[in-house]
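The following paragraphs offer a guided reading of a protein model. Please keep the sequence and the structure in view while reading.

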Amino acid sequence: MSPRHLLILVAFEGFASLAFEVIALRRIVPYVGSSITVTAPTIAIFLAALALGYFAASRVKVDYERTVLRNFIVAALVGGCLLSERGAALVFGSIPSPVVALPVYLLAAMAPPAYFLAQTVPVLSNILGKARVGEAGGLALAWSTFGSVFGALGLSLVVMQWLGVSAAVLITSLGLLVAASWAAIRMQQRRMLAFIAACAVPIIGMNTLPRLGVAETAYADYAVQSVPPPEGGRWPARAFMVNNQYASLLDASEPPKRWPYLDYIATQIQDVHALRGRQVLVLGAGGFGLSIGDDTNAYTYVDIDPKIREIAERHFLGTPEQPGAIQGRFIADDARRYVLGTDDRYDAIVVDAFSSHFNVPPQLVTVEFWASLRPRLNADGVVFINLIADATLRDAYARNAIASVEAGLGRCAVHVVHPREALSNLVLTCRPGDAPPPPERPYTDDRNAVDWERRLHGG
């Protein structure tokens, strides 16, 4: 093969290796979320696989082109099958502990393609026809890096956004097989073509079988499941699942019943705080269930996934043949970015955002985020926050999450929705007012102003 043809293979190696890393980061979100404690180990395992691949390539002394051809086929098979939706479900469904399942999945699905593709640059540098090793290596690395840039941007901003994650897996894996076929032809290895074509069959099968849910996007996996109705509800009942997390529930009652925590928030908005004709902001759309039955207030839903509205309307609020309509307006944006960028004010703000299972996106649990809600509230505005944590409020996450909210919004009431369960929805109700409250001064035997302060506030 000519040096120009070799560099084309190098560029596609860069594209595929970064593409598989991006796909792996997205595939694990429904199971373990996307926090820094998840992404950092993922990147570390990817880099370790690259390092091992570079080392292995340093020991290759013959059959350079055949080595790269074989590696492309192996990387396509492993990545195409295990980075599919069903491949991820198989691993995470077989291992109960996410802490164990995550490294197992990454070592099985992402590390092998990275290892084999990493060998491309050092192996092909041997036959690029350059007099100096530095010239050959630098040229190969440049082409590989350009391919990586295109893979990272093209897949995340174009393919995943418009075609979905499975399409990204197919494009990357089948692209590797096409590159391998082209290399086999250039190398006069036409007998390999039938084998390469056979390798495409499981890849296509794993990524085109009927979906496990109803949709997948660049941000989340969605499903609708039949579930028992809530207490006092009527069959049938269905739940809207977002990244394996129950996001909304509707049953056959009129009006339909929802999850108890959503009914609690709805009652607080409409009855306890008696909001009528007011503006309500909901950060984290779920199934758009909070506004159902409330014809008096104007709801604005904000969610990072621009496709969640269509999915909810076609598969949860209605059917593909007769979609239902959300009650309110929808804005596709990151919750924190929207709060910081809008000038709109609201009478109630509901924060109900999760990335997976019980994980709130890390940027939405900080003191700075909670404080940023203050300017978005009208006078006497109220904030409702849904967390899932220890029902006794004894573990570190429950205590620190509540402390973070109160550091930004002042003292909040905490309603434990399921007090008899280990984990429960905790609904915090906060009325921050125009300024932060004065610092607390605990009563002691030495300094006890309880009578004075209680009378001062009408107690």
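A useful place to begin is a single side chain: that of Ser-253 makes a polar contact with the side chain of Asp-251, at 2.8 Å. The model in which this contact appears is a predicted one. The side chain of Ser-253 also reaches the backbone nitrogen of Arg-234, at 3.5 Å. Where does Ser-253 lie? Ser-253 is found in the loop between β4 and α11. Is Ser-253 buried or exposed? Its relative accessibility is 9%, and Ser-253 therefore counts as buried, since the term applies under 20% relative accessible area. When its neighbours within four places in sequence are left aside, Ser-253 is in contact with Gly-232, Gly-233 and Arg-234.

With this residue placed, one may consider the whole protein. Its secondary structure comes to 16 helices and 11 strands, and its C-alpha trace spans about 90 × 60 × 40 Å along the principal axes. Of the 459 residues, 50% count as buried. The protein exposes about 22000 Å², of which carbon and sulfur atoms supply 60%. Among contacts between residues at least 6 apart in sequence, 68% join residues at least 24 apart.

The strands before the loop of Ser-253 can be followed in order. Strand β1 (residues 215-216) and strand β2 (residues 221-227) run antiparallel and are joined by 2 bridges. They form a hairpin with 4 residues between them, and in this pairing Glu-216 has Asp-221 of β2 as its bridge partner. Strand β2 then pairs with strand β3 (residues 237-242), again in the antiparallel sense, over 6 bridges. Within this pairing, Tyr-222 stands opposite Val-242 in β3, while Val-227 has Ala-237 of β3 as its bridge partner.

Strand β3 has a further partner, for β3 and β4 pair in the antiparallel sense over 5 bridges. Here Phe-240 stands opposite Ser-248 in β4. The hairpin of β3 and β4 has 2 residues between the strands, and Asn-243 in this hairpin takes a positive phi near 50 degrees. How many of the residues of β3 are buried? The strand is mostly covered, with 5 of its 6 residues buried. In a regular strand, side chains alternate between the two faces of the sheet.

On the other side of the loop of Ser-253 comes helix α11, which comprises residues 260-272. Its buried residues are Tyr-261, Leu-262, Ile-265, Ala-266, Gln-268, Ile-269 and Gln-270. An α-helix has 3.6 residues a turn, so residues three or four places apart point the same way. Against which strands do the buried residues of α11 pack? They pack against β4 (245-250), β5 (279-283), β6 (298-303), β8 (346-351), β9 (377-390) and β11 (423-430). The helix is followed by Ala-274, whose phi is positive, near 50 degrees.

The surface offers another view. Val-149, Leu-153, Leu-157, Val-158, Trp-162, Leu-163 and Ile-171 form a nonpolar patch there, with about 740 Å² of accessible area together. Which helix gives the most to the nonpolar patch? Helix α8 (residues 133-162) does, with 5 residues. Trp-162 has its place in this helix. Because its relative accessible area is 65%, Trp-162 is exposed, the cut-off for that term being over 50%. Thus Trp-162 is exposed, whereas Ser-253 is buried.

Methods. Residues numbered from 1 in each chain as written. Predicted model: local features only at pLDDT ≥ 70, side-chain atom pairs only at ≥ 80, totals over all residues. Heavy atoms only, no water. Buried < 20%, exposed > 50% of the residue type's maximum accessible area, 1.4 Å probe, protein only. Contact = heavy atoms within 4.5 Å. Pairing = 2+ DSSP bridges. Polar contact = N/O pair within 3.5 Å; in protein donor to acceptor, adjacent residues only side chain to side chain. Patch = residues over 30% accessible without salt bridge, like charges linked within 9 Å, V, L, I, M, F, W, Y side chains within 5 Å. Areas by Shrake-Rupley, 256 points an atom, 1.4 Å probe, with all protein chains shown as cover. Salt bridge = Lys/Arg side-chain N within 4 Å of Asp/Glu carboxyl O.
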